[in-house]
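Q: Please take a close look at one part of this predicted model, the surroundings of a single strand in the second chain, and set that part in the context of its chain and of the remaining local features.

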Amino acid sequence: MINSLKITLSLLLPLWFLISFQTKSMAVKNINHKIVLKHPGEDIPVEVTLVEVQDSDGLPIAYFTDVESVICLEQVCKIVSVRIYWNNIGVYQKYELENGATLEKYEDDLFDPEDYKKLHTILANIDSPYKEVYLDEILTVVDEHTEDIDAVSGATALELDEKDTVPGAALTCFTLWHWVNGDIVSIIKNKTGESVSNKQLQQFLVDENETYFYIAIAELQKRKNYSKEFIDTIIKRGLKDDFLLRTAFNYLKGASVENYLYAAETLFFKGSREQKLTTTRSLINTDYKVSKGYLNNFSTQFSKLDYQEVSLLLELMQDKNPNSKVVIENVLPLLSGDFIIARRAYWFLNNETLTTKQEREIKCFYKKHKDKL
Amino acid sequence: MERRKFIRNIAGTAITTSLLPLASCKSINGNVTEINVSNDLIEDEQWHQLGTGKKVKNPLRKKTKSYDVVVIGAGMAGIPAAVASARNGAKTVLINDRPCLGGNASSEIRVTVNGVAHLKPNNLPERETGIIEEFLLENRAKNQQESYPVWDHVLYDFVTREPNLTVMLNTQAIDAEMNGNKIVSACCWQLTTETEFIIKAPIFIDCSGDGLMAAKAGALYRTGREGKAEFNETYAPDKPDGWQMGASILMQAKDMGRPMPYEPPSFVIKYDEEKSTKRKIKQFIDGFWWVELGDDFDIVDVQEENRHKLMGYLHGVWDHVKNSGKYPESANYALDWVGSLPGRRESRRFIGDYILSERDLVEHKHFEDAIGFGGWSLDEHNPGGIENLNDPPSFFHYKFKEIYQVPFRTLYSVNIENLMFAGRNVSQTHIALSSTRIQGTCALMGQAVGTAAAICVEKNVLPRDIVQTHIKELQEQLMRDDVYIPKVAANDPKDLAKKASTIFGSSTRSGDVKNLINGISRDIDGKINHWQSEEDLPAKVQLEWEAPVSISKIEIKCDSNLKKNIMMLKQPSRKNHITTIPPELLKRLDVEARVQGNWVKVCSQEKNITRLIKFKFDQIEATAIRINMFDTYGVKTVKLFEIRCYND
């Protein structure tokens with residue numbers, strides 16, 4: 001197998017790389033990382049050198065590594081070194097060959113100019129069919145016209161649309177696609193997180209591309225940095241993009257109880273439906289001790305909530321703030337509103353300790369709606 | 001239109017004939033001559049019973065049984081047909097001529113249970129659901145070693161535990177008693193008990209492949225290849241001919257870890273690889289599907305002759321692998337299993353009210369009576385099989401990018417009123433068969449006819465009436481039972497979930513909880529129809545009604561990853577294939593109902609192994625139900641496709 005795959009380092013390579021590298025003027029420092037990667041075509045993990053390119057502020061701006069163009073099992077393939085480039089969040093950018101080098105197809109055919117472009121498109125497609133095939137499926141493609149499937153055997157020989165492959169170069173496509181889109185992507189994200197300053201992490205938290213947010217959160221957790229400044233930024237982002245709330249709360253639950261409760265309260269009161277639901281769920285599950293006064297405050301919002309929000313908030317109150325006079329007072333008006341909400345409020349109140357007047361109110365509700373309870 | 005009219009006219013005059021020497025199975029209007037009758041004087045004392053000391057007649061074993069539905073053939077079409085019929089309330093019998101269940105998929109033949117196993121361009125499957133999904137998942141749970149004999153028993157367990165279903169093995173349906181254009185009974189011979197069975201029923205389903213009983217009943221059929229013109233088929237030959245795709249004998253080899261010699265038997269037929277076109281010998285584990293022989297006239301007539309030759313050809317190929325010197329990598333391989341029973345691809349195709357053809361498939365024609373789908377390629381094998389090495393073994397004319405519909409009108413006889421079919425013997429052209437013959441597709445046909453049979457019994461109607469007056473009911477029941485019908489959304493008026501005032505769940509990772517009542521229970525056509533929880537399990541989904549509803553059944557469709565094949569492959573797994581219970585499958589859950597304001601647990605499942613989870617309990621009056629999901633088989637979140645509630 002490709003134990004023989006040797007990753008060559010940029011230092012010894014010709015200048016072609018530096019000439020072509022788009023961000024060369026910004027690049028001030030290259031940092032080499034020895035990393036170990038699994039490739040689905042390899043029996044054992046392979047060590048490669050990943051080069052991190054930083055700008056003058058120490059911000060990673062790109063990564064690259066050199067790999068062999070094809071996994072070669074029979075030692076008859078032509079192998080050339082291919083340099084692959086990613087941006088600082090692991091998104092593939094381009095590939096380059098050494099000067100004069102060419103890629104080869106099956107049976108000594110060379111890549112056409114169009115094939116090089118198509119290879120780039122294939123590598124950039126994170127959902128390429130190559131994601132879903134094994135090496136042995138590739139290896140059976142000796143001649144695409146002889147590869148058949150039959151109902152009896154169920155043998156799934158690789159058959160791809162022409163747009164998804166370079167005909168005659170499936171093994172090259174497979175090899176490079178998995179280098180480009182494999183484990184290295186998450187390694188790049190980690191390296192970027194590790195390299196940036198706290199100031200840069202602040203920028204990541206507000207970047208429109210949510211990948212930066214995820215990188216920043218993971219890094220802040222590693223650094224155990226739960227400063228108010230970061231928490232405020234995360235709250236702001238969570239109010240804007242509710243799909244980031246789960247990640248945000250994963251971080252917030254590591255903060256101090258004061259900061260956690262501050263964040264929860266802000267997200268609940270300033271946020272819309274998703275923020276309210278996510279916050280309530282978090283409060284139900286939190287191990288922090290939450291005061292009655294803090295929870296009572298939440299009950300002032302009942303009249304503004306929909307059924308699911310009411311139901312979840314009542315679950316929270318039932319669990320962590322039972323028999324609160326403030327909550328009961330805030331729930332009672334729900335009995336005269338939307339019926340589904342009213343019924344949920346009734347069952348909540350039915351298990352609470354009520355005053356005689358309150359008892360009368362819920363009995364009245366029962367009499368009126370007993371057929372629908 | 002002209003052609004179908006012609007067929008109907010013929011149908012009106014069809015006469016039942018009996019070709020077999022089982023005289024008692026002639027038409028009920030004919031003379032009955034009993035079998036096993038001796039005319040010697042000693043006949044009264046032929047059998048000396050040493051146990052009793054008596055000398056008695058040789059017993060004449062003959063039994064008459066009555067059922068609602070008779071299903072003949074227990075392959076991948078027959079099993080779903082019988083189980084669907086039984087589960088939908090019809091007293092059903094499943095009759096199989098072999099000792100093992102599974103037909104071509106059984107341990108006797110070992111054809112891979114393919115379905116829509118790889119659509120273009122990504123080679124991902126669109127797996128069949130319903131009953132076939134149920135037993136394939138069960139096989140993953142109970143037969144992790146992938147033993148074919150154990151698979152036989154998984155199937156045996158699956159059908160014999162069904163309360164409304166009787167299973168008869170080693171029993172062949174060899175004739176039919178008729179009353180006009182209706183079958184009155186199937187005449188069967190049970191080999192092991194030397195017993196003749198007369199099986200009466202109002203509805204018969206022939207899933208036997210060759211369809212002997214249906215043929216004896218007088219059902220019209222055709223064999224051979226249609227010419228291009230008849231159905232405007234691109235891949236049909238210019239002129240019609242008699243060719244029927246062949247049967248194959250399979251083998252399995254095993255790496256013994258040391259050199260293994262091989263000596264061919266005397267009946268070997270030499271294989272000449274030099275003269276062979278596109279026949280791969282790349283791996284030695286699961287045999288060679290192209291060891292195949294068909295016929296250009298009457299394939300049934302030559303099956304035994306072909307079987308002998310196929311055994312010879314099989315050993316010829318293996319002799320070539322082992323002893324030609326061209327495959328040194330085969331040195332440690334030895335034959336671990338060789339088939340003696342060919343798996344058949346084609347023989348009779350019975351005529352229905354509609355004949356499915358190539359254009360219907362490749363143009364994705366929409367049928368109002370659609371009951372299932374297919375999507376295997378137009379995989380037409382060459383005329384001549386292994387005796388025609390010049391042509392490739394299959395032409396693989398056309399590969400599908402999306403699934404096509406199969407209509408119900410192809411599944412019942414045009415001239416025998418109470419006869420249905422499922423499997424390779426349904427109403428279709430040779431080219432359409434080249435795709436629909438795949439067992440997963442056949443299984444969907446089976447579930448459709450089984451379900452239709454139960455409706456026929458319940459309503460006292462005939463299969464043709466289903467199309468005219470009950471097709472929506474059939475489709476709704478199939479979809480409730482987890483059959484997917486392309487481009488059709490379920491809308492069962494009895495489903496109480498659709499009447500819920502509100503539905504909500506734990507936080508959402510993808511999809512929408514409202515998708516659980518949208519009637520489409522898989523992600524398809526580029527649309528998401530699921531709800532997936534965001535947080536790690538446990539997760540909840542709740543439905544709420546404005547007034548209490550009576551509920552006694554809750555049915556949930558969860559995720560089993562339909563983009564992976566789960567059948568046994570006999571060869572190394574592929575990336576689009578899984579050899580375990582899918583890690584996405586919901587394993588542990590319970591259901592609570594809110595009764596009088598209190599949550600009451602009504603049912604639970606600790607080790608679910610089905611995609612369609614059905615709970616049945618004593619009727620309750622509830623204003624809400626809550627499904628609590630705790631574990632899958634590996635994935636940390638849960639994905640659902642449908643929730644239904646009933647009180648029926």
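A: Chain B of this predicted model has a secondary structure of 11 helices and 28 strands. Its radius of gyration is 26 Å, close to the 26 Å that the globule rule gives for 648 residues, so chain B is as compact as a globular protein of that length. Taken along the principal axes, the box filled by the C-alpha atoms of chain B is roughly 80 × 65 × 65 Å. Buried residues account for 60% of the 648 residues in this chain, and of the contacts between residues at least 6 apart in sequence, 76% join residues at least 24 apart. The surface that chain B exposes comes to about 25,100 Å², with 49% of it supplied by carbon and sulfur atoms. Chain B carries 83 positive and 85 negative charges, and the mean positions of the two sets are 2 Å apart.

Within this chain, the part to examine closely is strand β13, which spans residues 251-255 and includes Q252(B). The relative accessible area of Q252(B) is 14%, and the cut-off for a buried residue is under 20%, so Q252(B) counts as buried. Its side chain makes a polar contact with the side chain of R110(B), at 2.6 Å. When neighbours within four places in sequence are left aside, R110(B) is also listed among the residues in contact with Q252(B), together with Y148(B), I285(B), D286(B) and K570(B), and with A334(B), L335(B), D336(B) and W337(B).

One of those partners, W337(B), belongs to strand β15, residues 333-338 of chain B. With a relative accessibility of 15%, W337(B) is likewise counted as buried. Leaving aside neighbours within four places in sequence, W337(B) is in contact with L250(B), M251(B) and Q252(B), and also with S107(B), E108(B), I109(B) and R110(B). R110(B) is therefore a partner of Q252(B) and of W337(B). Although W337(B) and L250(B) are 87 residues apart along the chain, their C-alpha atoms are separated by 8.6 Å.

Just before the strand, I249(B) is placed in the loop between β12, residues 244-248, and β13. The relative accessibility of I249(B) is 0%, and this residue counts as buried. Not counting residues up to four places away in sequence, I249(B) touches F288(B), V291(B), R307(B), L310(B), M311(B) and L314(B), as well as G339(B), S340(B), L341(B) and P342(B). The C-alpha atom of I249(B) is separated by 17 Å from that of C100(B), a residue 149 places away along the chain.

Elsewhere in chain B, V426(B) offers another buried loop position, located between β20 (419-421) and α9 (430-436), with a relative accessibility of 1%. Residues touched by V426(B), not counting those up to four places away in sequence, are R349(B), F350(B), T410(B), L411(B), F421(B) and M445(B). From C-alpha to C-alpha, V426(B) and R437(B) are 9.3 Å apart in space, and they are 11 residues apart in sequence.

Some backbone details also deserve attention. Most residues other than glycine have a negative phi, and most peptide bonds are trans. Against that background, L537(B) and P538(B) are joined by a cis peptide bond, with omega at about 10 degrees, and P538(B) is placed in the loop between β23 (531-533) and β24 (539-558). D482(B), which is not a glycine, has a positive phi of about 80 degrees; this residue is found in the loop between α11 (463-480) and β21 (502-505) and, at 2% relative accessibility, counts as buried.

A positive phi also occurs in chain A, where N323(A), a residue other than glycine, has a value near 55 degrees. N323(A) is found in the loop between α13 (307-320) and α14 (325-331) and is partly exposed, with a relative accessible area of 37%. Chain A as a whole contains 16 helices and 5 strands, and 55% of its 373 residues count as buried. Of the contacts in chain A between residues at least 6 apart in sequence, 64% join residues at least 24 apart, and its accessible surface comes to about 17,500 Å², of which 51% belongs to carbon and sulfur atoms.

Methods
Residues are numbered from 1 along each chain as its sequence is written. Chains are lettered from A and ligands numbered from 1 in the order in which they are written. This is a predicted model: local features need pLDDT of at least 70, side-chain atom pairs count only at pLDDT 80 or more; totals for chains, interfaces and linings use all residues. Side-chain values use heavy atoms; hydrogens and water are left out. Helices (H or I, at least four residues) and strands (E, at least two) are DSSP runs, numbered from the N terminus. The radius of gyration is taken over C-alpha atoms; the globule rule is 2.2 Å times the number of residues to the power 0.38. Buried means under 20% relative accessible area, exposed over 50%, partly exposed in between (1.4 Å probe, protein chains only). Contact means heavy atoms within 4.5 Å. Accessible areas come from the Shrake-Rupley method with a 1.4 Å probe; for residues, only the protein chains shown count as cover. Lys and Arg count as positive and Asp and Glu as negative; His and the chain ends are not counted. The place of a charge is taken as NZ of Lys, CZ of Arg, CG of Asp or CD of Glu. A polar contact is a pair of N or O atoms within 3.5 Å; within protein, one must be able to donate a hydrogen and the other to accept it, and residues adjacent in sequence count only if both atoms are side-chain atoms.
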